[in-house]
Amino acid sequence: MRLDAASAPLVAAAPAAAPSRRRKSPHPWLVPGVVAGALAPLVSIALRAARGELGADPIAQALNELGLVALILLTASLTCTPAKSLFGWTWPIRLRRILGLLAAFYATLHVLTYAVLDQGLDLSAIVDDVVKRKFILAGAATFVMLVPLALTSTNAAVRRLGFARWKRLHRLAYLAGVVGALHFIWRVKKDLREPAVYAVVIGALLLARLATQIPARLGRGRVAD
Ligand code: HEM
């Protein structure tokens, strides 16, 4: 099976080679550095929560910060493939899977903060919120998309699904980005500048992805003709 490392947004990597034959990474610090950097906001939230420094509404503050970090990491995971296609950089591809998983991790903490701390696990209130507030519905839709992506992020899942199906599934990451940006836009009532930045960046990444994919497909079609 051939794995096109540039083609899937959330998860990269060919199936693991035998350890003895695995080539040494040119930047061994890259993944641990990104993981440490990505976990720093969580440590900061936990420390400020413990010291009572999360402001007048600590639950809302933690909720917003966790949601924002989830969206930033999701956006970062979407930059990896266009960075390779447009600039020929290969190192971002090695970060795609971990960035996607970290985005799903923060999204899960965000949802748990909402469901447990904000709503007190009141299921009928949560369902009511999802039905009545379109921004909550958009958040829930984003989360529902992130779950299968995270669950199929292993090499074993790529083998089980087959690369073509797995690749199609992982295109969902772009839709998750778009709907996640919409969640942010609909949540903000007045100053739309910050969510607009995410919407524009995610839109541009989607366009870049399409712009590099369509000529490649046409080229393949011509060869087949
Ligand atoms: C079931 C799923 C979700 C629910 C119920 C939910 C709910 C919420 C709530 C209640 C807020 C705070 C609103 C306020 O303070 O007025 C919020 C903010 C936010 N959420 Fe979600 N969310 C969900 C999923 C997601 C996901 C998957 C992402 C990102 C990938 C995300 C990103 C954000 C962002 C960026 C904000 C605003 C942060 C800010 O204002 O700085 N949410 N969400």
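**Entry 1: a buried residue in helix 9**

A residue is buried if 20 or more other C-beta atoms lie within 10 Å of its own. I wrote this cut-off down before turning to Ile 202, because Ile 202 has 23 C-beta neighbours inside 10 Å and therefore counts as buried. I was working with a predicted model, and I kept that in mind for everything that follows. Ile 202 is found in helix 9, and I looked up which residues it touches once its neighbours within four places in sequence are left aside: these are Thr 75, Leu 78, Gly 177, Val 178 and Ala 181. I also looked up the spacing between Ile 202 and Ala 176, which are 26 residues apart in sequence, and I found 10.0 Å from C-alpha to C-alpha.

**Entry 2: the chain as a whole**

I then stepped back to the whole protein chain, which has nine helices and zero strands, so that, read from the N terminus on, its elements run α-α-α-α-α-α-α-α-α. Of the 225 residues in the protein chain, 30% are buried. I also looked at how far apart in sequence the contacting residues are, and among contacts with a separation of 6 or more, 72% join residues 24 or more positions apart.

**Entry 3: the nonpolar core**

Which residues touch the most other members of the largest nonpolar core? The core has 39 residues, and I noted Ala 70, Leu 73, Leu 102, Ala 103, Tyr 106, Ala 107 and Leu 146 as the ones that touch the most other members. The elements that give two or more residues to this core are helix 1 (30-50), helix 2, helix 3, helix 5, helix 8 and helix 9 (193-224). I followed Leu 146 further and found that, not counting residues up to four places away in sequence, Leu 146 touches Ala 103, Ala 104, Ala 107 and Ala 176.

**Entry 4: the shell around the ligand**

Next I looked up the 22 residues around the ligand, of which Gly 67, Ala 107, Gly 139, Ala 140 and Thr 142 come nearest. Two or more residues of this shell are given by each of helix 2 (58-87), helix 3 (93-118), helix 5 (134-151) and helix 8 (172-187). Helix 2 provides the largest share, with eight residues. By class, I recorded 14 nonpolar residues, seven polar ones and one charged one in the shell.

**Entry 5: helix 5 beside helix 8**

I picked one residue from each of these two helices, beginning with Ala 138, which is found in helix 5. Ala 138 has 21 other C-beta atoms within 10 Å and is therefore buried. Leaving aside neighbours within four places in sequence, Ala 138 is in contact with Val 179, Leu 182, His 183 and Trp 186. Ala 138 and Ala 181 are 43 residues apart along the chain, and their C-alpha atoms are separated by 8.9 Å.

Val 179 lies in helix 8, and I asked whether it is buried or exposed. Val 179 counts as buried, because it has 21 C-beta neighbours inside 10 Å. Beyond residues up to four places away in sequence, Val 179 touches Ala 138, Ala 141 and Thr 142. Val 179 and Gly 139 are 40 residues apart in sequence, yet I found 7.4 Å between them, C-alpha to C-alpha.

**Entry 6: helix 2 against helix 8**

Two packed helices are described by the angle between their axes and the distance between the axes. For helix 2 and helix 8 I noted an angle of about 145° and axes 10 Å apart, and I noted that their crossing is left-handed. Helix 2 makes the contact through Leu 71, Leu 74, Thr 75, Ser 77 and Leu 78, while helix 8 makes it through Ala 173, Tyr 174, Ala 176, Gly 177, Gly 180 and Phe 184. By class, this contact has seven nonpolar, four polar and no charged residues.

**Entry 7: a residue in a loop**

My last look-up was Leu 121, which lies in the loop between helix 3 and helix 4 (123-132). Most residues other than glycine have a negative phi. Leu 121, however, has a positive phi of about 55° although it is not a glycine. I checked its surroundings too, and Leu 121 is exposed, because there are 11 other C-beta atoms within 10 Å, and the cut-off for exposed is 12 or fewer.

Definitions and conventions:
Residues are numbered from 1 along each chain as its sequence is written. This is a predicted model: local features need pLDDT of at least 70, side-chain atom pairs count only at pLDDT 80 or more; totals for chains, interfaces and linings use all residues. A residue is near a molecule or strand if its C-beta atom, placed from the backbone, lies within 6 Å of it. Helices (H or I, at least four residues) and strands (E, at least two) are DSSP runs, numbered from the N terminus. Ala, Val, Leu, Ile, Met, Phe, Trp, Tyr, Cys and Pro count as nonpolar, Asp, Glu, Lys and Arg as charged, and the others, Gly among them, as polar. A nonpolar core is a set of buried Ala, Val, Leu, Ile, Met, Phe, Trp, Tyr and Cys residues joined through C-beta atoms within 7 Å. Two residues are in contact if their C-beta atoms, placed from the backbone, lie within 7 Å. Axes are lines fitted to C-alpha atoms, for helices over the stretch in contact, and angles run from 0 to 180 degrees between N-to-C directions. A crossing is left-handed if the near helix is turned anticlockwise from the far one by less than a right angle, and right-handed if clockwise.
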